[in-house]
Number of protein chains: 2
Amino acid sequence: MSEVRLERKVLERNDALAADNRDLFRAAGAYTVNLISSPGSGKTSLLEATLGRLAETLRVGVVEGDVQTENDARRIEATGVPVEAIVTGGACHLDASMVRRGFRALVARAGGRLDLLVIENVGNLVCPASYDLGEDEKVALVSVTEGEDKPLKYPALFHAASVLLVTKIDLLPHLDFDVEALVRNARSLRPGLAVFRVSARTGDGLDAWVSYLVERVVGRPRSAVSQSQ
Amino acid sequence: MSEVRLERKVLERNDALAADNRDLFRAAGAYTVNLISSPGSGKTSLLEATLGRLAETLRVGVVEGDVQTENDARRIEATGVPVEAIVTGGACHLDASMVRRGFRALVARAGGRLDLLVIENVGNLVCPASYDLGEDEKVALVSVTEGEDKPLKYPALFHAASVLLVTKIDLLPHLDFDVEALVRNARSLRPGLAVFRVSARTGDGLDAWVSYLVERVVGRPRSAVSQSQ
């Protein structure tokens, strides 16, 4: 089999598993977001700064993907929110079967129901964009220490994402970074993209992002099973 | 053919081409470095800040890899140093055949000889580590806005790299970043790793990095052909 055909087959198999995941998430009542960014854009720091507040009103669980080490999972664990670590051992992305394994373990720990599943993908702007995990939304993060043209250089992600978090905005005074240009580039690929400017360090902008997530969870579609509970 | 076997076959084919590249580079007199980092760690800015100085004494050429756009190649072109853009169109790394194509074009433009080939790989900490391009050295960049544990989370790169550039050190006063911890983590994987702390913005540390490169070029192995020229 050729390389291209094999890749297509791998992606088709993943898509089928992702469709099953969607049913599984819905049955458990879980709204699901998949956080994707470069390594070092601040996914874990953002979660550390927001999970506590989300967990006040919602049953939250985290699937934490990394190529190696469970360092990030330990950081999430310290917030008190249940987390399942997935070490991909070389793969540059999570896939639907890995996430299912993590989700099942989280739901078992939560007694069968979860309101919000947050998936922190492997730090990578290329591979995670191709792998549907069954999530409701892909959330792209770009820090203000990166380039304004990142969306144009990694278009697959920005076509697929519905939210952009511009992170580390506390550093803006020390940088020549044009947030408007970043947003313009991102929206040229995905018109209507929701944008939040945040700093995990100072807390700036986190209220709006937390409110957005809570509203999505409250308005999420529910299965007949979970509505009757 | 299984996914694992196919991947092995792709890597073997690449390794064979990389071995040919090594002969090709040597015949042209070129010392070759392969810059690898996350998107946004500052590879292109570092080149902008150093290529002019390198080009004073050396014949330099750049192969510029990106998933999409030739933005970075245009930035390099503005420095006056010859550059060949490789747009991978989705692939998360350069491979040996892409680099050969770029190198041949650069050598033709330089009249058959090149002292230093700089390859700027696709911004990615996973995929580029597996693909030998025939280079003399892999140079890893980590900016001080990323995490100190990046080497532990992406060990394949830090096993393979012989140089670590700690970039954006001008931002250190505004961050809680422990450079010593980063270096310790990197050297736990690669003892003896050469480390340079640099800022493309202020110029700090660039002298030492430029001197290192010039010394490597002067001391590079030469083929019988190029020694006789």
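In this predicted model, strands β2(A) and β3(A) pair in the parallel sense, with 5 bridges between them. One of the residue pairs involved is Val63(A) with Glu84(A), the latter being its bridge partner in β3(A). The path between the two strands includes helix α3 of chain A, residues 71-77, and β2(A), α3 and β3(A) together make a right-handed β-α-β unit. A further helix, α4 (residues 96-109), lies across β2 (60-66), β3 and β4 (116-120) of chain A, and runs at about 160 degrees to β3(A).

These strands belong to an open sheet of 7 strands in chain A, with parallel pairing and the order β3-β2-β4-β1-β5-β6-β7. Because β3 (83-87) and β7 of chain A stand at the edges, each has a single partner strand, and one side of each is left without a neighbour in the sheet. On average, neighbouring strands of this sheet are turned by 20 degrees against each other, direction ignored. Strands of a sheet pair through backbone hydrogen bonds.

Elsewhere in the sheet order, β1 (residues 31-37) of chain A pairs with β5(A), in the parallel sense and over 5 bridges. Here Ser37(A) has Leu141(A) in β5(A) as its bridge partner. Strand β5 of chain A also holds Ala140(A). This alanine has 1% relative accessibility and therefore counts as buried, the cut-off being under 20%. Leaving aside residues up to four places away in sequence, Ala140(A) touches Ile36(A), Leu157(A), Phe158(A), Ala161(A), Val163(A), Leu164(A) and Leu165(A). The C-alpha atom of Ala140(A) is separated by 10.0 Å from that of Ala186(A), 46 residues away along the chain.

Ala186(A) leads to helix α7 of chain A, residues 179-189, where it is buried along with Val179(A), Ala181(A), Leu182(A), Val183(A), Asn185(A) and Leu189(A). The buried residues of α7(A) pack against three strands, β5 (137-143), β6 (163-167) and β7 (194-197), and against the helices α5 (150-153) and α6 (155-160), in chain A. At the N-terminal end, α7(A) is capped by Asp178(A), with a side-chain oxygen 3.1 Å from the backbone nitrogen of Glu180(A).

The last point is the relation between the chains. A turn of 180 degrees and a shift of 0.0 Å along the axis lay chain A on chain B with an RMSD of 0.0 Å. The two copies are therefore related as by a two-fold rotation axis. The same surface serves both copies, as 100% of the contact residues of chain A recur in chain B.

Technical notes
Residues are numbered from 1 along each chain as its sequence is written. Chains are lettered from A and ligands numbered from 1 in the order in which they are written. This is a predicted model: local features need pLDDT of at least 70, side-chain atom pairs count only at pLDDT 80 or more; totals for chains, interfaces and linings use all residues. Side-chain values use heavy atoms; hydrogens and water are left out. Buried means under 20% relative accessible area, exposed over 50%, partly exposed in between (1.4 Å probe, protein chains only). Helices (H or I, at least four residues) and strands (E, at least two) are DSSP runs, numbered from the N terminus. Contact means heavy atoms within 4.5 Å. A polar contact is a pair of N or O atoms within 3.5 Å; within protein, one must be able to donate a hydrogen and the other to accept it, and residues adjacent in sequence count only if both atoms are side-chain atoms. Two strands pair if DSSP finds at least two bridges between them. Axes are lines fitted to C-alpha atoms, for helices over the stretch in contact, and angles run from 0 to 180 degrees between N-to-C directions. A crossover is right-handed if, with the strands pointing away from the viewer, the path from the first strand over the helix to the second runs clockwise. Copies are superposed by least squares on the C-alpha atoms of residues with pLDDT of at least 70 in both.
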